[in-house]
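Let's take a walk through a protein together. Have the sequence and the 3D view ready, and follow along at your own pace.

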Amino acid sequence: MSDSTCSRRDFVATTAGALAATTLVPSLGAQPPVTRPMGAVKVTAVKTYKLRQALYVEVQSDAGVSGWGECAPNNKDVVQVFVQTGLVQHVVGRSVWDSEPIWHDCFYANSDLGPSGPLLNAIAGIDIALWDLKGKLAGVPTWQLLGGRYRERQRVYGSFAVDGGRRMTADQAARKAASFVERGYTAVKLRMQIRERNLNPHPDPTIPYVKAVRAAIGPTVELLVDINNGYTAARAIERGRWLQDEMGVRYYEEPTSMQQLHELAQVSEALDLFIVAGENEHSRWQHRDLIDIAKVDVLNPDVSKAGGITEVKRIAALGQATSKRIMLHNTRPGILTHASLAVIASISNAAEYLEYSDPDDYQSLTALSAETLPVVNGELVIPSRPGLGIELDPAAVARAVVA
Ligand SMILES: [Mg+2]
C-alpha cells in the first residue's frame, strides 16, 4: 500500500463486517474517500520488491488496500522480470475477486515456456497477494475464504541445511538441531543437500550427520531427513533402511533424483518410511505424477513455488482423493509462512508438520513485519487477522530492496 491513503489496520477497522456491507469506505486521507461496491474493486498495479532473502509482490487495488505475496527466492531477477513482463498485463484492471481466472490467464499465456519453474514461481507471488487482498477487503482471514478452518494451530519442524557437509560440520549441525529443541520444537529436519550432481557420494555424509544430530536431540524428538535428490534407488533403499532401523527416522524426503520418478517408485515400494517429495514439482500435473508414478506417501508443495494458494489447494484436493497427506515446503518466515498456514487451516489432509526455517536466520525479513509468529510447544497458531494476517511495514519493505 505504498501510495494509499489509509493504513491497512485503519481500513480493516473501518470496513469490519464488510461482508455484509455493500460499499467500501476507507478512512480519510489525502485523497477523497472511495465508495464502491466491494465486488467492483479492481487491481491497479503489481509491484515487486527484490529483497536480500526474498522476492515480495504487492498487488494494489483501487480501494486503497494492497495484498502481499511472495515468490520462491531462487533467481529472484528472473522471476521478478517474469512478473513484470509476462504476468502484470493479465492482472491489472481485473477484479480482485477473479483470482482463479487470473491464474488461468497468467498460466496459459506463458505455458509454452514450460509448466514449471519461473512461471509458477511468478504466478505464486501474485496469487498469494490476491488471496491476502481478498481477505482484507472482506475483513476475514484468508482461510475463511478458502472454506474455513480445520485446525487452530500447526506443528512445525525446525528445518536446516548442511549443503552436503560444506555449510556446517556435523558438530555444528548437532548444535543447530539442539537449538531448535531448546526453543520448544518437537521435530527437526536435516537437509543433506547432496544433489544429483554429487550422486551417491563416498564417503556418504548422511551417516555422520544423522548420527550427530540424533545424539544431540535424543531419541524422542522427531528427526526428518531430506537427501535433496542425492541417491540412486539402490543407495536410497540401503540408506533408508539404516535411517529407519538405526536412527528412528520416519520421514525420508527426495532420496532420488527429481527427474527419476520411476526410481523414486522403487524406493517407495521397498521401504516402510514415509516418502516425501514435491518441492520441485510446481503444478497439479507434476503432483499427479508423484502420486501415480513415484507412489510417494506425502506431497510437499511449496506455496511460493507451486503457483500460490490456488494451485496448492488443487494439489491438496488431488492428495485428498488419493489418501496423500500435504506437508508444505516452507523456507521463509513472514508472508510465505502465513500463506502456508492459510492453506493448512483449510484442508482436511494436512500432514502432522509444516516446515519452518529458523526465523533467526531470516532477520532481514522478520524485521519487515510487526511480529514473527512464535513457536510454542512446537506449534504455530494459525493467524486469524484479516487476509494472511501479517502486519507488513510497506515503507520498511521499500527500504529493504536490493539491486
Ligand atoms: Mg526438501
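Glu-279 has a relative accessibility of 8%, so this residue counts as buried, the cut-off being under 20%. Keep in mind that you are looking at a predicted model. Asp-226 is buried too, with a relative accessible area of 0%.

What coordinates the magnesium ion? The donors are Asp-226 (OD), Glu-253 (OE) and Glu-279 (OE), at 1.9 to 2.0 Å. Along the sequence, these donor residues follow the spacing D-x26-E-x25-E. Asp-226 sits in strand 8 (residues 222–226), while Glu-279 belongs to the loop between strand 10 (274–277) and helix 10 (284–292), so the pair ties together parts that are 53 residues apart in sequence.

Now turn to a sheet. Here three strands, in the order 3-4-5, make an open sheet with antiparallel pairing. Strand 3 (43–50) and strand 5 (66–71) are at the edges; each has a single partner strand, so one side of each lacks a neighbour in the sheet. On average, neighbouring strands are turned by 20° against each other, direction ignored. Seven bridges link strand 3 with strand 4 (residues 55–61), and you can find one pairing where Thr-48 has Val-57 in strand 4 as its bridge partner. Helix 4 (residues 118–138) packs on this sheet and touches strand 3, strand 4 and strand 5. The direction of helix 4 makes about 150° with that of strand 5.

Our last stop is helix 12 (residues 335–346). From first C-alpha to last, helix 12 reaches 17 Å, close to the expected 16 Å. Is helix 12 mostly covered or mostly uncovered? Helix 12 is mostly covered, with twelve of its twelve residues buried, including His-338 and Ser-340.

Definitions and conventions
Residues are numbered from 1 along each chain as its sequence is written. This is a predicted model: local features need pLDDT of at least 70, side-chain atom pairs count only at pLDDT 80 or more; totals for chains, interfaces and linings use all residues. Side-chain values use heavy atoms; hydrogens and water are left out. Two strands pair if DSSP finds at least two bridges between them. Helices (H or I, at least four residues) and strands (E, at least two) are DSSP runs, numbered from the N terminus. Axes are lines fitted to C-alpha atoms, for helices over the stretch in contact, and angles run from 0 to 180 degrees between N-to-C directions. Contact means heavy atoms within 4.5 Å. The expected span of a helix is 1.5 Å times one less than its number of residues. Buried means under 20% relative accessible area, exposed over 50%, partly exposed in between (1.4 Å probe, protein chains only). Donors are N, O and S atoms within 2.8 Å of the metal (3.2 Å for Na, K and Ca); water is not among the atoms, so sites may look incomplete.
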